[in-house]
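The report below concerns a protein with its ligand, and it looks at how the two are arranged with respect to each other. Please keep the structure in view while reading.

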Amino acid sequence: MNIPFWEDSYKDDSVSAFGIKPNDTLKEFQHLFDKSGSVLDVGCGDGKNSLYLAGLGYTNVEAFDLSENAIKKLHKLAVSENLHINAWQQDLTQFVFNKNYDLVMSFGTLHFVEKKYWKDFILKAKSHTNDNGIHIMQLFTNVLPASPDIAPFAVGLADDEEIKELYSDWEILQFKSYTFEDEHPGVPKHYHASNKIVAQKK
Ligand SMILES: C[S@@+](CC[C@H](N)C(=O)[O-])C[C@H]1O[C@@H](n2cnc3c(N)ncnc32)[C@H](O)[C@@H]1O
């Protein structure tokens with residue numbers, strides 16, 4: 001069975017496959033989220049974005065990831081930083097919303113499930129978002145073929161701008177289509193094509 005490269009890094013406290021700095025877009029729009037709001041981090045990995053918000057004083061941060069090792073590492077990091085994050089192992093295709101959120105964010109994850117699943121997830125997340133709530137969704141597109149490190153897992157690459165259609169009834173605060181060079185411990189440099197959307201429920 002193919003194991004994605006990030007699993008090793010989730011088992012090793014001395015490395016981080018995706019860095020420890022929070023995502024720039026989260027920082028850019030953070031002023032729009034209230035610290036008491038409910039946050040959901042989908043495919044959180046070892047949790048750099050959730051840890052960032054919890055560290056700023058956000059008290060209601062929830063995060064899940066398919067990888068049990070990611071969640072174990074996130075729990076360890078949260079304890080070491082004296083932060084509280086409600087994190088659990090979860091497949092996003094099986095997730096059942098039982099509350100509303102003010103911020104739902106997903107960085108670099110949705111393309112790892114088939115398109116019908118990530119679209120369905122976004123629609124459910126939209127209906128479980130409070131008025132004025134925000135979504136930040138970043139996923140890879142088929143503008144470039146999947147790089148070898150993720151090709152076996154990237155079963156749901158989006159068409160360029162496709163994600164925008166899902167938010168046509170929300171206010172789109174930012175949309176970007178871009179390519180970037182990427183590198184991870186033990187993985188040679190490669191390129192990804194990506195869409196990122198920041199949208200607000202009105
Ligand atoms: C590229 S990492 C991004 C991690 C984190 N969002 C970040 O920005 O550092 C992608 C993550 O998606 C998770 N993932 C893949 N398929 C998933 C699924 N079906 N449900 C939940 N998480 C999933 C992987 O375990 C991995 O941690």
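In this predicted model, a nitrogen atom of the ligand lies 2.7 Å from a polar backbone atom of glycine 43. Two further polar contacts made by a nitrogen atom of the ligand are listed with it in the table, one to the side chain of aspartate 91 and one to the backbone of phenylalanine 107.

| Residue | Protein atom | Distance to a ligand nitrogen atom |
|---|---|---|
| Glycine 43 | polar backbone atom | 2.7 Å |
| Aspartate 91 | side-chain N or O atom | 2.9 Å |
| Phenylalanine 107 | backbone N or O atom | 2.9 Å |

On its own the ligand has 590 Å² of accessible area, of which the protein covers 93%. The space that the ligand takes up is the largest pocket.

Which residues of the shell come nearest to the ligand? Among the 19 residues around the ligand, these are Tyr10, Gly43, Asp65, Asp91 and Leu92. Sorted by class, the shell consists of nine nonpolar, seven polar and three charged residues. At least two of the shell residues come from helix 1 (6-10), and at least two come from helix 3 (48-56).

The chain is divided into domain 1, which spans 35-90, and domain 2, which spans 107-202. Taken over C-alpha atoms, the centres of domain 1 and domain 2 are separated by 20 Å, and each of these domains contributes at least three residues to the shell around the ligand.

Definitions and conventions. Residues numbered from 1 in each chain as written. Predicted model: local features only at pLDDT ≥ 70, side-chain atom pairs only at ≥ 80, totals over all residues. Heavy atoms only, no water. Near = heavy atom within 4 Å. Polar contact = N/O pair within 3.5 Å; in protein donor to acceptor, adjacent residues only side chain to side chain. Areas by Shrake-Rupley, 256 points an atom, 1.4 Å probe, with all protein chains shown as cover. 1 Å grid on protein atoms, 1.4 Å probe; cavity = no way out; pocket = protein on both sides within 12 Å on 5 of 7 lines; lining within 4 Å. Sits in = over half its atoms within 2 Å of the grid points. Helix = DSSP H or I, 4+ residues; strand = E, 2+ residues; numbered from the N terminus. Nonpolar A, V, L, I, M, F, W, Y, C, P; charged D, E, K, R; others polar. Domains from an automatic or database assignment.
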